Amino acid sequence: MKKTILLILFLFTGIVTAIGFGFHHLFPFKELPYDDDQKGLRDQVLIKFSHVVAENTPKGLAVDRFARLVEEKSDGRIKVAVFPNGSLYSDIEEVSALEEGTVQMIAPATSKLQMLSPKWGVLDLPFIFPNEEAVRHGLEGSIGKELLQTFDGTDIKGLALWSNGFKQLTTNEKVIKKPKDVSGQKFRIMQSPVLDAQFTMLRADGIQHQFNDTYSLLDRKEIDGEENTVSNIYSKGFYNVQQNMTITNHGYLAYAVMINRSFWDEQDEETKNIILEAMKEATAWNEKEALEKNKEQLQYIRENSSMKIHTLTKKERKEWLNALSPLYKKYEEEFGPSLMKEAIKLRDGNF
Ligand code: SIN
């Protein structure tokens with residue numbers, strides 16, 4: 001008897017479940033009441049923007065500004081969640097994270113993009129930009145356009161090129177004035193074959209390490225020095241663990257702002273236009289802010305640290321350029337004649 005009751009209960013539960021789930025089109029549940037908030041949530045767009053520098057830097061500030069502009073222009077419909085300081089991904093991981101769509105936007109140093117296309121190395125050629133005007137010609141002119149086009153047909157869409165500034169050399173051993181002064185020393189460099197070749201040419205060791213390890217490598221004296229912009233030297237406190245800085249302006253730190261292509265393609269025209277408009281405004285703002293930040297922070301380091309700061313004289317700069325110019329020949333074939341022609345024009349001030 002007990003068994004029969006259990007069997008009836010079992011069959012009854014089965015029939016009710018089948019009606020509820022399996023045959024719900026035959027016996028539909030009453031529709032849930034319409035909810036405005038839920039509809040709003042479905043329309044929202046979330047962009048995760050990951051980067052590796054501090055917030056108070058040309059890139060950190062430009063990302064924050066871009067985020068604010070996008071939110072304002074979309075009345076809060078598009079949100080940009082910013083993850084600074086490598087809190088989500090390191091500089092070594094972020095490109096794959098973007099390709100896989102785990103984040104939607106990143107802005108890595110252009111030096112780190114040679115694994116996607118060797119052409120990006122052109123911006124790492126030594127002394128390619130003699131001044132700020134040359135930087136603008138390079139990033140906004142044909143070189144910048146050709147580099148952004150290298151993303152065509154990939155999982156990445158290039159949106160803009162941002163600026164940080166000219167790179168300087170910091171060391172502990174002695175003030176660097178001549179190319180031979182770096183010989184035998186270990187320098188942390190970005191993941192760039194051209195930078196690597198540059199240090200090899202100077203008989204120094206270019207050690208490729210992620211950005212956020214640099215401070216501890218310097219502090220533990222595992223490396224002798226590094227090359228970076230004043231803004232990164234200031235914001236990461238490298239000036240506290242290095243004795244000397246030489247204002248060489250031997251290279252330039254620029255960023256490629258990139259978005260995951262499938263994510264981009266899924267967006268409607270209104271969203272795309274808002275992102276593009278905000279990017280245009282943030283890019284123009286970044287250009288001025290980068291100059292200001294590097295100037296202001298150099299002044300701070302001069303006034304508040306014991307660092308010895310030397311600026312290359314014209315004669316010293318010429319020696320550096322002569323020592324490193326064979327690299328232009330070395331990369332001629334890899335970068336192609338048109339890019340190299342433009343690069344030499346910039347280097348020689350013929351633009
Ligand atoms: C950055 O500015 O994004 C990092 C630069 C570096 O790796 O030195």
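**Exercise 1. Find which atoms of Lys112, Asn228 and Asn232 pair with the ligand, and how far apart they are.**

Step 1. Start at Lys112: an N or O atom of its side chain is 2.7 Å from an oxygen atom of the ligand. This fits the cut-off for a polar contact, a pair of N or O atoms within 3.5 Å.

Step 2. Now turn to the two asparagines. Asn228 has a polar side-chain atom 2.9 Å from a ligand oxygen, and for Asn232 the distance is 3.0 Å.

Step 3. Look at the ligand's surface. On its own the ligand exposes 260 Å², and the protein buries 100% of that (areas by the Shrake-Rupley method with a 1.4 Å probe).

A word on the model: it is predicted, so local features need pLDDT of at least 70 and side-chain atom pairs need 80 or more, while totals for chains, interfaces and linings use all residues. Residues are numbered from 1 along each chain as its sequence is written, and side-chain values use heavy atoms, without hydrogens and water.

**Exercise 2. Describe the shell of residues around the ligand by class.**

Step 1. List the residues with a heavy atom within 4 Å of the ligand. Among them are Val52, Val53, Lys59, Asp91, Arg188, Phe211 and Tyr255.

Step 2. Sort the shell: 6 residues are nonpolar, 2 polar and 4 charged. Here Asp, Glu, Lys and Arg count as charged; Ala, Val, Leu, Ile, Met, Phe, Trp, Tyr, Cys and Pro as nonpolar; the others, Gly among them, as polar.

**Exercise 3. Locate Arg203 and Asn249, and describe their phi angles and exposure.**

Step 1. Recall the usual case: most residues other than glycine have a negative phi.

Step 2. Take Arg203. Its phi is positive, about 60 degrees, although Arg203 is not a glycine. Arg203 sits in the loop between H7 and strand E6 (205–208) (helices, H or I, have at least four residues and strands, E, at least two, as DSSP runs numbered from the N terminus).

Step 3. Is Arg203 buried or exposed? At 68% relative accessibility, Arg203 is exposed (buried is under 20%, exposed over 50%, partly exposed in between, with a 1.4 Å probe and protein chains only).

Step 4. Repeat for Asn249, which belongs to strand E8 (residues 244–260). Asn249 also has a positive phi, about 50 degrees, without being a glycine, and at 31% it is partly exposed.

**Exercise 4. Place Met201 and find how far it is from Leu324.**

Step 1. Met201 is in helix H7 (residues 193–201). With a relative accessible area of 33%, Met201 is partly exposed.

Step 2. Met201 and Leu324 are 123 residues apart in sequence, yet their C-alpha atoms are 7.0 Å apart in space.

Notes. A residue is near a molecule or strand if one of its heavy atoms lies within 4 Å of it. A polar contact is a pair of N or O atoms within 3.5 Å; within protein, one must be able to donate a hydrogen and the other to accept it, and residues adjacent in sequence count only if both atoms are side-chain atoms.
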